Amino acid sequence: MNTDVLQKAAAEARGLAIDAVHACSSGHLGLPLGCAEIGSVLFSESLNFNPAAPKWLNRDRFILSAGHGSMFIYSWLHLAGYDLSLEELKNFRKLHSKTPGHPENFETVGVEATTGPLGQGVGNAVGYALSAKRAAAKFNTADHTIFDNHVVALAGDGCLQEGVAQEAIAFAGHNELDNLILIYDSNDVTLDAMAKVTRGWDTEAYFKSLNWNASTIDGHDLSAVAAALETAKNTKNGKPTVIIAKTEIGRGIPEVAGTAKGHGEGGANFAESARAGLGLPAETFYVSDEVKAHFAAKAEEKKAAFDAWQATYDAWTAANPELAKELQDCVSGAIPSDLRDTIPAFGDDYADATRGAGGVVINEVSKLVPSLLTGSADLYGSTKNYIKDAGDYSAETPEGKNIWFGIREHAMGAICNGIAYDGLFRASGATFLVFADYLRPSIRLAGLAKLPVIYIFTHDSVGVGEDGPTHQPVETVSGLRVIPNLDVIRPGDPEEVAGARASAMLRTDGPTALILSRQKVVTQKQIDVTARREGTSRGAYIAKKEEGALEAIVIATGSELQHAIKAADGKPGVRVVSMPCMERFDRQGCDYKEEILPKACTKRIAIEAGVSGLWHKYVGCEGEIIAIDRFGISAPGDTVFSELGITVEAIEKALA
């Protein structure tokens, strides 16, 4: 290891960060400056990757959990030879640049995860590590190893104090993810003050108590960083590793280094003197020929390692054509195009809650889509999403499809995102709907990053009953519906459940939330199976067509569909529209929308056992909404529905 050139690279990376932040008067200098030596070792010596093949299956994954320090990853991706030009570094935080304020995986090649909300990247890294463990167990053979990569995450105090990170850390230790390396940028500073004001733990003891290897090093000592990373990669004792790197925040700008002022852009005010102190020339965005040559040579070395792996992969493919086909299907995200029609139909006499139907459907889908994984926050028995005869994921059985997340909803969301980022397996996780807000930040990021994660939220309304208002979601469905790029599907019968699951599986550009009931619903056997499934995929459809001139439309979703159909019975001028998914309906063309909800019919009633706000767009000024704009009540479910007016009689009154 050439420590002289690596130290020079660290100084120049500091210069790039200072220049970029100074140019736009915005950004965070603390981490890029404080972790420069770590970056130099990672991208020169420790990480296995090929800039010319950024999605190489066996690359080491690097996740910058502390995404505010985005100039760290941008600088090192540029120096390492990724397709990120110096001009893009100069465009830091500018409109339409490839260097946005926080890293976004869909904007910048080499960025593995969209990070910024603190702690999320730690959870993403755990998801990546789980995916890699399962891939190795599933696809490696005695003769060929095609998966043996590592996942490295860089996090700071802000990340580790967040609950999502602590949940994920506990999960990783329990599941013995020894392919995971967490570098903790321990600079003893947080945004407002020195870290001792809010943190008093023994970091090594904390991690060791959770089944992690832990060591503390000088984060500015190149040899110590390299040795710690090498040890972590070579230690296979069933424990992930944390490297506690003691660093100086804002190193290289004496006026703010080591203080809370070093976190943000304040240090950029001293850019000129800082650059001189770092031994850099007056030229901004400077990279020396020596550093360029070093990383060009390293890129060739990494390409050689990639080529050797490719030869192994080709031999593995020839020897294992069926496995190779399955892996290719995983990589391409292959889903049977006829999945919606292939799921077996339910019998006319089927009578259960939609959560029960969901359990039937996920087991059928698992047979057709081997890449599907499912998990639960300690609620498999209630959410019904356990895949039978598929095994449980654990250190001993990493091929298992059922992930036991424990009571860790937020980590479940972030880990599912990490699995989705890796792109080999389809991830889904389940809990009660009322707890959806525990993982809302992860759902939001899945929507932003266009990750096809599936959330299974059961116990969808005041129908939960006796557990009372703390467990009866009334605002939660609408709260999820306002998240951009999230499809929220609340099916009203088992065939709509099948249509909802198929729609979620076939969607590749964003996440889907399936909202399922605890209470039983009526199977609408009078409606054609295909009509229910296809109608669900389009967001809304005519569940009961008027028999004469159209006089009124009742719009219903979920368990309220049965009430709407019953209320419309014997009323020839009433149409019932089932609307399981507003978002999917809103994406339909104008002709279809007019076919389902003709503008000429202004007498409209919407019913849902939740808040009314979002239904106004469908009923208009002359319409009426039967909803629950208050918290629930502790009583049997049917009693609660009756007390709060979610009844057939309420619809009949509105139609009168």
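Phe-435 is buried in this predicted model, with a relative accessible area of 18%. The ring of Phe-435 is stacked with that of Tyr-438, because the two centres lie 5.8 Å apart and the planes meet at 5°. The partner in this pair has a surface setting: Tyr-438 counts as exposed, at 52% relative accessibility.

This pair belongs to a wider picture of ring contacts, as a search of the whole structure finds 28 aromatic pairs. Among them is the pair of Trp-201 and Tyr-206, which counts as stacked because the ring centres are 5.0 Å apart and the planes are at 10°. Here Trp-201 is partly exposed, at 26% relative accessibility, while Tyr-206 is buried, with a relative accessible area of 17%. Elsewhere, Trp-56, Phe-139, Phe-147, Phe-306, Trp-309, Tyr-313 and Trp-316 come together in one aromatic cluster.

Rings also meet charged side chains. The charged end of Lys-302 is placed over the ring of Phe-49, at 4.5 Å from the ring centre. Likewise, Arg-538 has its charged end over the ring of Tyr-592, and the distance to that ring's centre is 3.7 Å.

Turning to the backbone, an open sheet is built from five strands in the order 1-2-3-5-4, paired in parallel. Strand 1 (61-64) and strand 4 (213-218) stand at the edges; each has a single partner strand, so one side of each is left without a neighbour in the sheet. From one strand to the next, the twist averages 20°. In general, the strands of a sheet pair through backbone hydrogen bonds, in either a parallel or an antiparallel manner. At one edge of this sheet, six bridges join strand 4 to strand 5 (residues 241-246) in the parallel sense, and Thr-216 stands opposite Ile-244 of strand 5. Helix 10 (residues 222-234) lies across strand 3 (180-186), strand 4 and strand 5, and runs at about 165° to strand 4.

Finally, the cysteines deserve a look, since the structure holds zero disulfides. For Cys-581, the closest cysteine sulfur is that of Cys-590, at 18 Å, which is too far for a bond because a disulfide requires sulfur atoms within 2.5 Å. Cys-601 is likewise in no disulfide, and its nearest cysteine sulfur, in Cys-621, is 15 Å away. Both residues are shielded from the surface by the accessibility criterion: Cys-581 is buried at 0% relative accessibility, and Cys-601 is buried at 6%.

Key. Residues are numbered from 1 along each chain as its sequence is written. This is a predicted model: local features need pLDDT of at least 70, side-chain atom pairs count only at pLDDT 80 or more; totals for chains, interfaces and linings use all residues. Side-chain values use heavy atoms; hydrogens and water are left out. Buried means under 20% relative accessible area, exposed over 50%, partly exposed in between (1.4 Å probe, protein chains only). Rings of Phe, Tyr and Trp (its six-membered ring) pair if their centres lie within 6.5 Å; planes under 30 degrees apart count as stacked, over 60 as edge-to-face and the rest as tilted. A charge sits over a ring if NZ of Lys or CZ of Arg is within 6 Å of the ring centre and within 35 degrees of the ring normal. Two strands pair if DSSP finds at least two bridges between them. Helices (H or I, at least four residues) and strands (E, at least two) are DSSP runs, numbered from the N terminus. Axes are lines fitted to C-alpha atoms, for helices over the stretch in contact, and angles run from 0 to 180 degrees between N-to-C directions. Contact means heavy atoms within 4.5 Å.
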